[in-house]
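Me: I've got a protein model here and I'd like to go through it with some short questions. Can you walk me through the reasoning each time?

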Amino acid sequence: MAVESAVERLFNFSAGPAAIPLCVLQQAQKELLSMPGCGASVMEISHRSSQFGEVMAKAEQRLRRLLGVPENYRVLFMQGGSRLQFSMVPMNLMGEGLVANYLLTGAWGKNALSEAVKAGATKVVWDGAATNYDRLPAPADVSLDANASYLYLTSNETIQGVQFQEDLDWGDVPVVCDMSSDFLSRPVDVSRYGLIFACAQKNAGLAGLTVVIIRDDLLQRSKDALPGYLNYRLHVDANSLWNTPPTFGIYLFGLIAKWLEEEIGGLSAMLSRNRDQAKRLYDVVDASDGFYQGHAQPDCRSLMNVTFRLPNDDLQSQFLSEAAEHHLDALKGHRSVGGIRASIYNAMADAGVDVLRQFMNEFRDRHANR
Ligand code: PMP
């Protein structure tokens, strides 16, 4: 069975940290001892050097081009992962007499809420718990508070595998979106959001880097009394150099953005590849006569995390161990949901999906109705 290349690499379906495009790893490997024109590794030079300044500026320019980030939005390269954003968002954006509105569409929205309640007034405006987070609301199903400080949502729930595939119109309230697990997987209308954040370890490179895109006017909400690192305004004023940023992660992010622009051809092209790969897996689920049962309702299915179950736990374990023999790695679902989760982020090669498809069909043929 073919693996990704002559180098021994598995088909990696990890939910994150996740696969990185092979050509990006190869370029990083080539430049590891000395970045061109630098005479040292990017890891060994000052974050204030002109060479690193160029790396970061280029990474930001590519991100702005890929997503069409409007002029009145600032880009931050931060640390602390998305979990830190669960705290920073409420600490910066809540306001006197205002209520933060939360949409709970899965585990990560719930985790975000559990931090927000420590910072001030919150209200859950929609909660998918009754159907075990298998669906999403439309704006018409949600009534927002008149005095909402912001509406918080998670574009792709990594554990349940439900995804808002469009930038919906939620009205005038600033929308804060956790895009951790579908960042750069499709074009986004950034102007529909007040703040977007994403940890990088799924579609954008290394754990340790978090990208934040924030609309200018929201920066006025950050109070001077906040601890320094937790204040968005300080990071914006210092152009992401308030403290030492995750330099290698920013470098790698720049290489991934370059790959998206120059090899893939932009986010519309990325989206069509992602749609195609996801469809090919969901088609197997749907044609399996119930042997594979998808978790998400069909109209809410994630293009990034394909979640499904088998008829029983024994078959599930057997599926995982046989998959490993086909070099199909990290398919075990999250412990809180169980089942199988195939994470097919941007870097997943078509060949990986083909091998998984074939394996799923063969496995079902051997085990259905026995
Ligand atoms: N939000 C989502 C949607 C995620 O998938 C994750 C990580 N799996 C997080 C937040 C948490 O990210 P981190 O571990 O970087 O804090």
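Me: How far apart are D276 and R280 in helix α7, counted in helical turns?
Reply: Keep in mind that this is a predicted model. The side chains of D276 and R280 meet in a salt bridge, 3.5 Å from N to O. Both residues sit in helix α7 (residues 267–286), 4 residues apart, so the separation is about one helical turn.

Me: Is R280 buried or exposed?
Reply: Let's take its partner beforehand: D276 has a relative accessible area of 39%, so D276 is partly exposed. Buried means under 20%. R280 has 17% relative accessibility, so R280 counts as buried.

Me: Which residue forms a salt bridge with R301?
Reply: R301 is in the loop between β11 (293–294) and β12 (305–309), and its partner is in helix α7, so the pair ties together parts that are 15 residues apart in sequence. R301 is buried at 12% relative accessible area, while the partner is partly exposed at 49%. The closest N and O atoms are 2.9 Å apart, and the partner is D286.

Me: How many residues apart in sequence are the parts that R364 and D289 tie together?
Reply: These two side chains meet in a salt bridge, with 3.6 Å from N to O. R364 lies in helix α9 (residues 350–367) and D289 in the loop between α7 and β11, so the pair ties together parts whose separation in sequence is 75 residues.

Me: Is D289 buried or exposed?
Reply: On the other side of that salt bridge, R364 has 19% relative accessibility and so counts as buried. For D289 the relative accessible area is 70%. Exposed means over 50%, so D289 is exposed.

Me: What is phi of D289 near?
Reply: D289 has another thing going on in the loop between α7 and β11. Its phi is positive, and D289 is a residue other than glycine. The value is near 55 degrees.

Me: Where does Y133 lie?
Reply: Y133 also has a positive phi, about 50 degrees, although it is not a glycine. With a relative accessible area of 6%, Y133 is buried. Its place in the chain is the loop between β4 (122–127) and β5 (148–154).

Me: Which residues does the cis peptide bond at P17 join?
Reply: Start with the location: P17 lies in the loop between β1 (11–12) and α1. Omega is about -5 degrees for this bond. The cis peptide bond joins G16 and P17.

Me: How many salt bridges does the structure hold?
Reply: Some of them form a network, which links R62, R65, K258, E261 and E262. A salt bridge here needs a side-chain nitrogen of Lys or Arg within 4 Å of a carboxyl oxygen of Asp or Glu. By that rule the structure holds 20.

Me: Which helix gives the most to the lining of the largest pocket?
Reply: The largest pocket has a volume of about 410 Å³. It is lined by 15 residues, and M35, E54, V55, K58 and Y251 lie nearest its centre. Two helices, α2 (50–67) and α6 (247–264), each supply at least two lining residues. With 6 residues, the one that gives the most is α2.

Me: How many residues of that lining are charged?
Reply: The lining of the largest pocket is a mix of residue kinds. There are 6 nonpolar and 4 polar residues, and the number of charged ones is 5.

Me: Which element gives the largest share of the lining of the second largest pocket?
Reply: The second largest pocket has a volume of about 330 Å³. Among its 24 lining residues, the closest to the centre are A15, W108, T158, Q201 and K202. Both α3 (81–93) and β14 (340–343) supply at least two of the lining residues. The largest share is 4 residues, and it comes from α3.

Me: How many polar residues are in the lining of the second largest pocket?
Reply: Split this lining into its kinds and you get 7 nonpolar and 5 charged residues. The polar residues number 12.

Me: Which residues make the nonpolar surface patch of about 330 Å²?
Reply: One member is in the loop between α1 (22–30) and α2: L32. At 36% relative accessibility, L32 counts as partly exposed. The patch is made by L32, L33 and M43.

How values were computed: Residues numbered from 1 in each chain as written. Predicted model: local features only at pLDDT ≥ 70, side-chain atom pairs only at ≥ 80, totals over all residues. Heavy atoms only, no water. 1 Å grid on protein atoms, 1.4 Å probe; cavity = no way out; pocket = protein on both sides within 12 Å on 5 of 7 lines; lining within 4 Å. Points joined across faces, edges and corners; volume = space filled by probe spheres on them. Nonpolar A, V, L, I, M, F, W, Y, C, P; charged D, E, K, R; others polar. Patch = residues over 30% accessible without salt bridge, like charges linked within 9 Å, V, L, I, M, F, W, Y side chains within 5 Å. Areas by Shrake-Rupley, 256 points an atom, 1.4 Å probe, with all protein chains shown as cover. Buried < 20%, exposed > 50% of the residue type's maximum accessible area, 1.4 Å probe, protein only.
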